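Have the sequence and the 3D view open side by side, and let's take a walk through this one together. We'll go piece by piece.

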Amino acid sequence: MLSEDLAATHDVPWFKRSPYDGYAIFSGSTLEAGADHPVLLEVVATIGAGFTWDEGIKPNQAVKIMTGAAIPDGADAVIMVELTKEVVQNGKTFVQIKRKVRPGENIVGIGEDMKKGEVLVPKGTIVNPGVMATLATFGMTEVPVTKKPKAAVIATGSELLEVGEPLEKGKIRNSNAYMLWGQIIRAGGEPVFYRLVKDDFEETYEAVRQAVKEADIVMTTGGVSVGDFDYIPKVYEKLGATLLFNKVAMRPGSVTSAAELDGKILFGLSGNPSACYVGFELFVRPYLKTMLGERNVYLKKTQALLGEDFPKPNPFTRFVRAKLSYQEGLLHALPVRRDKSNIVSSLIEADALIVLPGGSRGFTKGTMVDVLMLEDGEGAPLWDENITDRRPQRQR
Ligand SMILES: Nc1nc2c(c(=O)[nH]1)N[C@H]1C(S)=C(S)[C@@H](COP(=O)(O)OP(=O)(O)OC[C@H]3O[C@@H](n4cnc5c(N)ncnc54)[C@H](O)[C@@H]3O)O[C@H]1N2
Ligand code: MOO
Ligand SMILES: [Mg+2]
């Protein structure tokens with residue numbers, strides 16, 4: 001993420017150059033040229049990209065020039081090689097031209113791409129491949145970027161096993177920590193701290209205290225609801241953290257909490273996997289991106305047609321894990337697998353969250369609904385149809 005505006009330090013291109021393989025000429029030499037009246041210009045040199053012809057050209061002369069090579073002095077146009085013919089007369093090479101060439105034709109002008117001083121990339125922009133190309137263009141080997149926020153993940157739960165451990169009675173493997181690890185990286189953060197703790201007050205307290213020291217942002221999963229062994233609210237209290245909120249009118253993730261300590265935010269995410277996932281995407285991600293200095297921190301929102309009935313009414317706003325697809329140019333959002341907060345498998349395929357506002361009735365297939373996009377980078381299968389020309393056709 002750039003932390004300063006990136007401005008052009010010189011014009012690009014910084015010299016006039018040819019966009020084609022052809023001949024650099026003085027356009028005035030072709031004033032008399034026509035289909036039945038070819039003109040012959042003497043070819044005085046041949047230059048490839050990276051080379052220059054410093055003697056310049058006079059009227060009725062030409063330099064054979066390749067794409068990317070600098071336009072010699074005296075030339076104000078380039079004619080493509082396909083439109084010419086080379087002829088040799090008396091041991092001299094000439095280019096035959098059968099049309100008038102306009103001044104400036106096929107010349108890439110100075111600053112046509114980028115102008116010196118122009119702000120090209122505002123700060124808060126991710127260094128994408130295009131930005132990398134721009135940095136390289138200006139010879140910028142080092143640029144100021146924002147520090148990735150250091151993130152801590154603490155999974156709470158006496159039922160949790162490490163991924164390497166065999167299953168035991170009543171126990172499950174800790175999947176949330178790995179999911180959050182991936183979400184942190186996807187959002188631009190740097191996971192630096194991980195603990196798996198039992199449902200034990202002291203152990204949880206110590207882990208959170210340690211995490212606040214080592215990270216810029218702390219996430220816990222589980223232990224945040226009203227169970228006998230849900231210690232996160234008490235941990236916040238003992239740490240002297242300021243509770244920001246401890247419930248959200250949404251499903252899943254209604255137990256999502258946040259507190260502030262020493263200027264750092266502690267997010268108490270649900271233990272239920274899908275609720276944890278949604279809590280991260282809706283609350284942690286924008287905060288993390290704000291810390292990064294990014295300008296657009298929220299998930300992209302658009303509209304889509306609901307792919308199937310969603311009959312369950314709910315007093316809370318629902319965020320339904322869904323898969324997007326285009327059908328005949330229209331975006332469809334199909335809920336994936338089971339829509340319960342304890343489900344893991346729906347997260348595999350989900351690339352969007354359908355937003356269904358709370359109310360007393362369900363939603364029917366085909367309703368236009370808001371969707372938040374989770375992943376932008378997925379490709380498509382090879383197009384199986386030809387590209388159609390959809391420009392308005394003139395009536396005859
Ligand atoms: N009486 C009530 N019970 C519950 C309520 C309520 O309002 N009243 N809310 C329910 C909702 S909604 C949710 S969501 C959960 C949230 O519970 P916690 O955030 O306290 O999480 P835990 O109780 O620790 O665990 C919930 C569930 O998730 C599994 N889990 C926990 N950590 C992980 C992990 N790292 N990887 C995979 N799975 C994990 C855990 O085993 C539990 O099954 O509370 C409801 N209860
Ligand atoms: O927080 Mo719970 O996920 O609302 O189902
Ligand atoms: Mg609980």
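Strands β9 and β13 sit side by side in the parallel sense, paired over five bridges. To find the pairing in this predicted model, look for I154, which stands opposite T220 in β13. β9 also has a partner in β12 (residues 190-197): these two run parallel as well, joined by seven bridges. Here A155 is a handy marker, since A155 stands opposite L196 in β12. How much of β9 (residues 150-156) is buried? Six of its seven residues are, so the strand is largely enclosed by the rest of the structure. As for the side chains, in a regular strand they alternate between the two faces of the sheet.

Next, hop over to helix α2, which spans residues 176-187 and holds I184. Is I184 buried or exposed? It counts as buried, because 25 C-beta neighbours lie inside 10 Å, and the cut-off for that label is 20 or more. Setting aside neighbours within four places in sequence, I184 is in contact with A151, G189 and P191. A151 belongs to the β9 stretch, residues 150-156, while P191 falls in β12, residues 190-197. There's a long-range link to look at too: the C-alpha atoms of I184 and F280 are separated by 8.7 Å, although the two are 96 residues apart along the chain.

α2 turns up again around ligand 1. There are 27 residues around that ligand, and A155, N176, G222, S225 and G271 come nearest. Two elements, α2 and α5 (273-292), give two or more residues to this shell. By class, the shell divides into ten nonpolar, 15 polar and two charged residues.

Ligand 2 has its own surroundings: R251, P252, G253, S254, V255, S270, N272, A275 and S341. That shell has three nonpolar, five polar and one charged residues.

Last stop, helix α4, residues 232-239. Which of its residues are buried? They are I232, V235 and Y236. These three cover an arc of only 100° around the axis, which puts them on the same side of α4. That fits a simple rule: an α-helix has 3.6 residues a turn, so residues three or four places apart point the same way. What covers the buried residues of α4 includes α3 (201-214), β14 (242-245), β16 (257-261), β17 (264-269) and also β13 (217-221), the strand that pairs with β9. Just past the helix comes G240, with a positive phi near 75°.

Conventions: Residues are numbered from 1 along each chain as its sequence is written. Chains are lettered from A and ligands numbered from 1 in the order in which they are written. This is a predicted model: local features need pLDDT of at least 70, side-chain atom pairs count only at pLDDT 80 or more; totals for chains, interfaces and linings use all residues. Helices (H or I, at least four residues) and strands (E, at least two) are DSSP runs, numbered from the N terminus. A residue is buried if 20 or more other C-beta atoms lie within 10 Å of its own, exposed if 12 or fewer, and partly exposed in between; C-beta atoms are placed from the backbone. Two residues are in contact if their C-beta atoms, placed from the backbone, lie within 7 Å. A residue is near a molecule or strand if its C-beta atom, placed from the backbone, lies within 6 Å of it. Ala, Val, Leu, Ile, Met, Phe, Trp, Tyr, Cys and Pro count as nonpolar, Asp, Glu, Lys and Arg as charged, and the others, Gly among them, as polar. The arc is that of the directions from the helix axis to the C-beta atoms. Two strands pair if DSSP finds at least two bridges between them.
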